[in-house]
Amino acid sequence: MKKALAAVTVAFTACLASTVSAQSLTVGFSQIGSESGWRAAETTVTKQEAEKRGIDLKFADAQQKQENQIKAIRGFIAQGVDAILVAPVVATGWEAVLKEAKEEEIPVILLDRQIEAPDDLYLTAVTSDQVHEGKVAGDWLVKEVGDKDCKVVELQGTTGSSPAINRKKGFEEAIAGHSNITIARSQTGDFTRTKGKEVMESFIKAEGGGQDICAVYAHNDDMAVGAIQAIKEAGLKPGSDIKIVSIDAVPDIFKAMADGEANATVELTPNMAGPAFDVLEAYLKDKTEPPKWIQTESKLYTAADDPMKVYESKKDLGY
Ligand code: AHR
């Protein structure tokens, strides 16, 4: 009887200890904002992952401003959080604030975007290979158009952000050596639908009605959806008159594919927080150092991939 009681007590104490340690973890999350469907899904998934693990998540929406992110990070440091997650809006300008976190021994994990700073200032970065994403999109177009001449218009992401810089680079690498494919116009659409539509309207106007535009390369699906709208309003058919290739794989692009209005997208998982919390928990437990880069997958989907089925499967991913 005594033995049984002791076993129960040990089990109860162990259970209590694990609950207490999980619950006592406080993590600050500086999110960029809600510019895209993908971003909203990342926020949802991060909150869900934190709740699942009993982590107290302090959430701060920076409304697209780096200064708000820096303020939020300083606030998290002042509160003495156990760790900080940051989705950095732009690639530069982080060194000072990250040094402050380091001095307080608060590990920082970057989510979905890279920065230009010494890598000892953060624990790890959970991101895709954004150059590769651009290359996958470009390779798809190269194959799709073959030897035909193709005038591309490019909708870039937020100026100075790592995905805008790298997705452009990767796409250009893919089309280099294919002189039949040229980027005729390239401008930022800030990763938003509204701006994507606006910029596409200006491209169509500048290109004399848009009949000569062969493809839109958009750094995210939301801008592609905006561009699709602009193309339709100009009396052209997106998906056939003008091909659409973009990045993220949000549900709406699969609907557009099912309607024949979009052609290809490169998937970016919104679940960056799962791998981030895994390595953070291991690090806080026994200082297990994660790799400096945890790379997420970049899978190409085309209209041949049963878009409505993929659309349905996306529902559980925070969308
Ligand atoms: O950093 C990831 C990018 O940011 C996504 O591709 C885009 O939709 C988002 O806003």
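The largest cavity in this predicted model sits between two domains, because domain 1 (2-127 + 270-288) and domain 2 (130-268 + 302-317) both give residues to its lining. About 90 Å³ of space lies inside this largest cavity. Thirteen is the count to keep in mind for the wall: of the 13 residues lining the largest cavity, Trp-38, Arg-39, Arg-113, Arg-167 and Phe-191 come closest to its centre. As for cavities of 30 Å³ or more, the structure holds just one.

What is the wall of the largest cavity made of? Charged residues account for six of the lining, with four nonpolar and three polar residues making up the rest. Two helices turn up here: α2 (37-52) and α6 (162-175) each put at least two residues into the lining of the largest cavity.

Then there is the ligand. Its surroundings take in Glu-35, Ser-36, Trp-38 and Arg-39, then Asp-112 and Arg-113, and further along the chain Pro-163, Arg-167, Phe-191, Asn-220, Asp-248 and Leu-268. Some of these names have already come up: Trp-38, Arg-39, Arg-113, Arg-167 and Phe-191 are the lining residues closest to the centre of the largest cavity, and they are also among the residues around the ligand.

Three side chains pair up with ligand oxygen atoms. For Glu-35, a polar side-chain atom lies 2.4 Å from an oxygen atom of the ligand. Arg-113 has a polar side-chain atom 2.9 Å from a ligand oxygen atom. With Arg-167, the distance from an N or O atom of the side chain to an oxygen atom of the ligand is 2.9 Å.

Now for the largest pocket, which holds about 250 Å³ of space. Its lining counts 15 residues, and those closest to the pocket centre are Lys-102, Ile-106, Pro-107, Leu-123 and Tyr-283. Which elements give two or more residues to this lining? They are α4 (95-103) and α10 (273-286). By residue class, the lining of the largest pocket splits into nine nonpolar and six charged residues, with no polar ones.

On the annotation side, an unreviewed UniProt entry lists residues 28-287 under "domain: Periplasmic binding protein". Across residues 28-287, helix makes up 45% of the chain and strand 21%. The C-alpha atoms at the two ends of that stretch are 19 Å apart.

Technical notes: Residues are numbered from 1 along each chain as its sequence is written. This is a predicted model: local features need pLDDT of at least 70, side-chain atom pairs count only at pLDDT 80 or more; totals for chains, interfaces and linings use all residues. Side-chain values use heavy atoms; hydrogens and water are left out. On a 1 Å grid over the protein atoms alone, a cavity is a set of points where a 1.4 Å probe fits but cannot get out, and a pocket is an open set with protein on both sides within 12 Å along at least five of seven lines; lining residues have an atom within 4 Å of a point. Grid points are joined across faces, edges and corners, and a volume is the space filled by probe spheres set on the points. Helices (H or I, at least four residues) and strands (E, at least two) are DSSP runs, numbered from the N terminus. Ala, Val, Leu, Ile, Met, Phe, Trp, Tyr, Cys and Pro count as nonpolar, Asp, Glu, Lys and Arg as charged, and the others, Gly among them, as polar. Domain bounds come from an automatic or database domain assignment. UniProt positions are given in the numbering used here, feature names are shortened, and annotations may be inferred rather than shown by experiment. A residue is near a molecule or strand if one of its heavy atoms lies within 4 Å of it. A polar contact is a pair of N or O atoms within 3.5 Å; within protein, one must be able to donate a hydrogen and the other to accept it, and residues adjacent in sequence count only if both atoms are side-chain atoms.
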